[in-house]
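Grab a pencil and work through these short exercises with the structure open beside you. Try each task before you read its solution.

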Amino acid sequence: MFYVLYPNLGVFYILYCGGYRKGGSSTMSETNCNTQHLNFKGKRILLAEDNDLSAEVAIAILNDAGVEVTRVVNGKECVKALAEADPGKFDAIFMDILMPEMDGYRASREIRAMGDPQKSEIPIIAMTSKTFDEDRWNCLVAGMNAHLAKPIDPKELFNTLGEFI
């Protein structure tokens, strides 16, 4: 089984294809491929990421899908940006864990404690190099909805995002 990701004007088509010919080359026919259609055009993401290269990669992937990204460089700025935003401005948050001033765990707990349900219930997806089971568990305990490992896998990113928005 392999995956192919095709961007097309803010719409992503993910083909789940199986079947192999002798010699390991793959076959792609309607009988062994299933297409999932995900449209993220116009969605708004708050990205909390202190590493410029990681942020640049995430923003490029998301922008290619038509997603508008607002970047902050630490958890403190993330909490502030959400608190000052109009309710519903952001559809989800991608949250790094290891950041200066305030880490992603604390920022997530502060967001979950906000009084406005449109803000406190926003989907928060960890996007981190911390990938052990304990790290995943800590993300959930802090109030995050999901965990993505770095380096970013676009297919996994969009499938996870599609679960929440």
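**Exercise 1.** With which side chain does the side chain of H147 make a polar contact?

*Solution.* Keep in mind that you're looking at a predicted model.
- Step 1: find H147 in strand β8, which covers residues 146-149.
- Step 2: look for its side-chain partner. That's R136, and the polar contact with its side chain spans 3.2 Å.
- Step 3: check the backbone too. The H147 side chain also reaches the backbone oxygen of K130, at 2.7 Å.
- Step 4: decide whether H147 is buried. Buried means under 20% relative accessible area. H147 has a relative accessibility of 10%, so it counts as buried.

**Exercise 2.** How are the rings of F40 and F158 arranged: stacked, edge-to-face or tilted?

*Solution.* Here's the general idea: you describe a pair of aromatic rings by the distance of the centres and the angle of the planes.
- Step 1: count the aromatic pairs. There is 1.
- Step 2: take the distance and angle. The ring centres of F40 and F158 are 5.2 Å apart and the planes sit at 35°, so this pair is tilted.
- Step 3: place the partners along the chain. F40 is in the loop between β3 and β4, while F158 is in helix α6, 118 residues apart.
- Step 4: check the burial. F40 is buried, at 2% relative accessible area, and F158 is buried as well, at 0%.

**Exercise 3.** Which residues are joined into one network by salt bridges that share partners?

*Solution.* Side chains of opposite charge can pair when their charged atoms come close.
- Step 1: begin with the total, which is 5 salt bridges in the whole structure.
- Step 2: pick out E49 and K150, whose side chains meet in a salt bridge at 2.6 Å, N to O. E49 sits in the loop between β4 and α1, and K150 in the loop between β8 and α6, 101 residues apart.
- Step 3: look for another partner of K150. D96 forms a salt bridge with K150, with the closest N and O atoms 3.4 Å apart. D96 lies in the loop between β6 and α3, so this pair ties together parts 54 residues apart in sequence.
- Step 4: look at a salt bridge within a helix. E110 and R106 form one at 3.2 Å, and both lie in helix α3, 4 residues apart, about one turn of the helix.
- Step 5: put the shared partners together. E49, D96 and K150 make up one network.

Technical notes: Residues numbered from 1 in each chain as written. Predicted model: local features only at pLDDT ≥ 70, side-chain atom pairs only at ≥ 80, totals over all residues. Heavy atoms only, no water. Helix = DSSP H or I, 4+ residues; strand = E, 2+ residues; numbered from the N terminus. Buried < 20%, exposed > 50% of the residue type's maximum accessible area, 1.4 Å probe, protein only. Polar contact = N/O pair within 3.5 Å; in protein donor to acceptor, adjacent residues only side chain to side chain. Phe/Tyr/Trp six-rings, centres within 6.5 Å; stacked < 30°, edge-to-face > 60°. Salt bridge = Lys/Arg side-chain N within 4 Å of Asp/Glu carboxyl O.
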